[in-house]
Amino acid sequence: MPLAKASDTHAPKAGKTAEGLVAVKRALISVSDKTGLLEFAAFLASKKVEIFSTGGTLSALKKAGITVRGVEELTGFPEIMDGRVKTLHPKIHGGLLYRRDKKTHADQAREHGIQAIDLVVVNLYPFEAVTRDPAASLETAIENIDIGGPSMLRSAAKNHEAVTVVTDPADYPSVVKEMETHKGKVSAGLRFSLALKVFERTSAYDGAIASFLKTKARETSELPSPFVSGETAELPAVIRLDYTKVSDLRYGENPHQKAAFYAAKGQSTPAFKQLHGKELSFNNLLDIEATVEILKEFDAPAACVVKHNNPCGVAQAGGLSDALRKAIECDLMSAFGGIVGLNRPCDKETAEAAFDMLRFFEVLVAPSFEPEALKFLQGRPNLRLIETAGTGPENPCDLRVLGSGLLVQTRDPVLIRDKAFKKKIRFVTETKLEASL
């Protein structure tokens, strides 16, 4: 198939309908995550879309028998510098950025042999995945900073009036559905939503790079100090939060409030695993967090009961079941309907003790559950069982959201297992008791 002529810009306004539909005639595909790639590319080829690609993506498509061309056929310039420069070219970005409805843009595109690119499919070098490894070197991290990818994504997203841009394989089906429904065209609504997703992605990507480089600079004297005026090693000058919605919740703290649970993007393991019971509520999640934080304070077998984000009772003992009984005895009335937490694997004896003393509670939290205990507890259909073993890295800072801003502090490193701290607590408690008497 001969390369399209320079005059083939299908502009101005060509391919676009009054309903905001834009035809996809030419695509550029370059992805690190090849999930669903071959099926999507095969669909595009079936719709007579002209496909250009680079590097490993180009090889994968050719191997699958999909008609595809190297991007150098579009630019007239080879990949150089170990692939660092391949898509940073006016014939790429001109094809993405020129306004199809503007005559001067279309005239310049024809003059310079710039062809319209209607679809960009790009996901970025896996910087976050690579740097999640504690052993990742600075050199490895830098080589996984994508330059051409974000540039193409941003160009395409800026010109979403004419260009469809996809950065998440999960969005392939939406594009396929629209092109099937609209005879090879994509709607303005989908183009806009995909463009918005691009800017969210590139923002998070840049934030991950800055965060990693700053961390590396803190860890080694070979790099310049990363701190700016007014910043300390513990508290950064800028905080970027990047969380992805995991699930919607039935409601928030009250039935009239909407709520959802979000997890840190790139988190390799979940904060906990639900083994049994109905879905967790907003209040359940708050109480589970409080329970886990309390139990971190103990080395000896310990248990606690939490209700409405406050402990009803906390105890440690030589055995787990004894600790549980003592924790419940602290305030038996308040413990009813609360959340029970353990800092050791739950055995059947401890599970039975919980029901002997407390007929109803919402959740049982433990690092793990022994088989007999799990079988016993799963006989309670409304009881939620939460396993906390294998959690991801802890956030080094404690954050509190205010209506006017964000409060941040370093986490409290003093634990109850610190003997000096235990003595201090006992002294303060005894002093207050004597004063009250």
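Arginine 26 is found in strand 2, where strands (E, at least two residues) and helices (H or I, at least four) are DSSP runs numbered from the N terminus. The model is predicted, so that local features need pLDDT of at least 70 and side-chain atom pairs count only at pLDDT 80 or more, while totals for chains, interfaces and linings use all residues. Residues are numbered from 1 along each chain as its sequence is written, and side-chain values use heavy atoms, with hydrogens and water left out.

At 2% relative accessibility, arginine 26 counts as buried, a term for under 20% relative accessible area (exposed is over 50%, partly exposed in between; 1.4 Å probe, protein chains only). Its side chain forms a polar contact of 3.0 Å with the side chain of glutamate 50. The side chain of arginine 26 also reaches the backbone oxygen of alanine 116, at 2.6 Å. A polar contact is a pair of N or O atoms within 3.5 Å; within protein, one must be able to donate a hydrogen and the other to accept it, and residues adjacent in sequence count only if both are side-chain atoms.

Strand 2 (26-31) also contributes to a pocket. The second largest pocket is lined by 26 residues, and Gly83, Arg84, Lys86, Tyr125 and Asp146 lie nearest its centre. Two or more lining residues come from each of strand 2 (26-31), helix 2 (55-63), strand 5 (119-123), helix 7 (138-143) and helix 8 (148-158). A pocket, on a 1 Å grid over the protein atoms alone, is an open set of points where a 1.4 Å probe fits, with protein on both sides within 12 Å along at least five of seven lines; lining residues have an atom within 4 Å of a point.
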